[in-house]
Amino acid sequence: MNKTKSIVVASLIAGLGLVSCTENGSKHRNPGKIYAPDMTYSRAYDAYTANPNFADGQSSRLPVSGAVAMGHELPDHMVEGDTNAYKAFTTNLRFNEAELAEGKRLFNIYCGICHGNNLDGQGPLYASGKFAAMPANLKDAKYLHMTPGTMYAAIKFGKNAMGAYASQLDVKQRWMVIAYIKKVQSENGGDAFTFGASNTPAAPAADTAKAVATTETAKH
Ligand code: HEC
């Protein structure tokens, strides 16, 4: 009899132990002894945490002023309103068919709403009467010979009722859009198109080296 009692008591205690283990979740999360804890628990400050080392108390830092993201073009350092400098401003970048198609896609996303996907200034926003200022008709004689640099300034800083698109389009994308506009203009009485790059894959070694060199200079 005594033996049975102690078995019951023992199993009750064991049961309680099990229950308390499962109920107290924190016990599961305590790993006990841990090997090389600084591999599990980083000593470095995590992003978005408080940090006493900086005046603003934040761990996340902005890039150093003037930093250029990898793969991006160097910024120009001209100022808004320097119309003469921008008039003469241009790029070494040259675009193949796929990039011109990308320029068209970007134009239709960001510019077509006002300038029209046909570049005729009759985009849906203006045509609806909701936007009072007439967007430039890029097929009009007034704009057909506008220099690429002047267009660049309009994208970067905006122009009167048109807002800036500097934060939507990086430097290469701005030139892609301009190249697309210039392509369409060249087919509508504008200047000869000069932003095109050859699509032909350069097979012989000599040609490949030349092509690489061209791309390199184009990047800077
Ligand atoms: C919200 C409407 C709107 C959008 C979107 C817009 N524009 Fe414009 N844009 C205008 C208006 C309005 C003008 C005429 C400004 C003036 O001359 O007063 C203009 C003028 C221009 C000019 C002529 C600049 C000059 O110096 O006369 C160019 C080039 C141009 N836009 C390109 C673009 C490109 C490229 C985009 C897309 C990245 C774009 N625009 C997006 C409304 C817009």
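**Exercise 1. Is E73 buried, exposed or partly exposed, and why?**

Solution. One thing to know before starting: this is a predicted model.
- Start with where to look: E73 sits in the loop that runs between α3 (37-40) and α4 (83-88).
- Next, the neighbour count. E73 has 19 C-beta neighbours inside 10 Å, and a residue needs 20 or more to be buried, or 12 or fewer to be exposed.
- So E73 counts as partly exposed.
- Now see what lies around E73. Leaving out residues up to four places away in sequence, E73 touches V171 and K172.
- Finally, try a distance: from C-alpha to C-alpha, E73 and L93 are 9.7 Å apart, with their positions 20 residues apart in sequence.

**Exercise 2. Work out the overall make-up of the protein: how many helices and strands are there?**

Solution.
- Count the elements: there are 11 helices and zero strands.
- Then check burial. Of the 220 residues, 15% count as buried.
- Last, look at the contacts between residues at least 6 apart in sequence: 51% of them join residues at least 24 apart.

**Exercise 3. Check the length of helix α5, then find which of its residues are buried.**

Solution.
- α5 covers residues 97-110, which makes 14 residues.
- At 1.5 Å a residue, the helix should span 20 Å, and the C-alpha atoms at its ends are indeed 20 Å apart, so the two agree.
- Now the burial: E99, L100, G103 and F107 are the buried residues of α5.
- Look down the helix axis and these buried residues fall within an arc of 100°, so they line one face of α5.
- Turn to the face pointing away from that buried side, and you'll meet the exposed residues E97, A98 and I109.
- What covers the buried residues? The cover includes α6 (112-115) and α10 (171-186).

**Exercise 4. Explore the largest nonpolar core: which of its residues touch the most other members?**

Solution.
- The core has 23 residues, and V177, I178, A179, Y180 and I181 touch the most other members.
- Sort the members by helix: α5, α9 and α10 each supply at least two residues of this core.
- The largest share is seven residues, and that comes from α10.
- Pick I181 and follow its contacts. Setting aside neighbours within four places in sequence, I181 is in contact with F107, L119, L138 and M151.
- As background, nonpolar side chains in soluble globular proteins tend to be buried together.

**Exercise 5. Describe the shell around the ligand: which residues come nearest?**

Solution.
- There are 20 residues around the ligand, and C111, C114, A154, N160 and M162 come nearest.
- By helix, α6 and α9 (148-157) each supply at least two residues of the shell, while α9 gives the largest share, four residues.
- By character, the shell splits into 16 nonpolar residues, three polar and one charged.

**Exercise 6. Compare two residues with positive phi: where do L119 and N160 lie?**

Solution.
- Most residues other than glycine have a negative phi.
- L119 has a phi near 65°, a positive value in a residue that isn't glycine. N160 isn't a glycine either, and its phi is about 45°.
- Place them: L119 is in the loop between α6 and α7 (124-127), and N160 is in the loop between α9 and α10.
- Now the surroundings. L119 has 23 C-beta neighbours inside 10 Å, so L119 counts as buried.
- N160 has 7 other C-beta atoms within 10 Å, so N160 is exposed.

Key:
Residues are numbered from 1 along each chain as its sequence is written. This is a predicted model: local features need pLDDT of at least 70, side-chain atom pairs count only at pLDDT 80 or more; totals for chains, interfaces and linings use all residues. The expected span of a helix is 1.5 Å times one less than its number of residues. The arc is that of the directions from the helix axis to the C-beta atoms. Two residues are in contact if their C-beta atoms, placed from the backbone, lie within 7 Å. A residue is near a molecule or strand if its C-beta atom, placed from the backbone, lies within 6 Å of it. Ala, Val, Leu, Ile, Met, Phe, Trp, Tyr, Cys and Pro count as nonpolar, Asp, Glu, Lys and Arg as charged, and the others, Gly among them, as polar. A nonpolar core is a set of buried Ala, Val, Leu, Ile, Met, Phe, Trp, Tyr and Cys residues joined through C-beta atoms within 7 Å.
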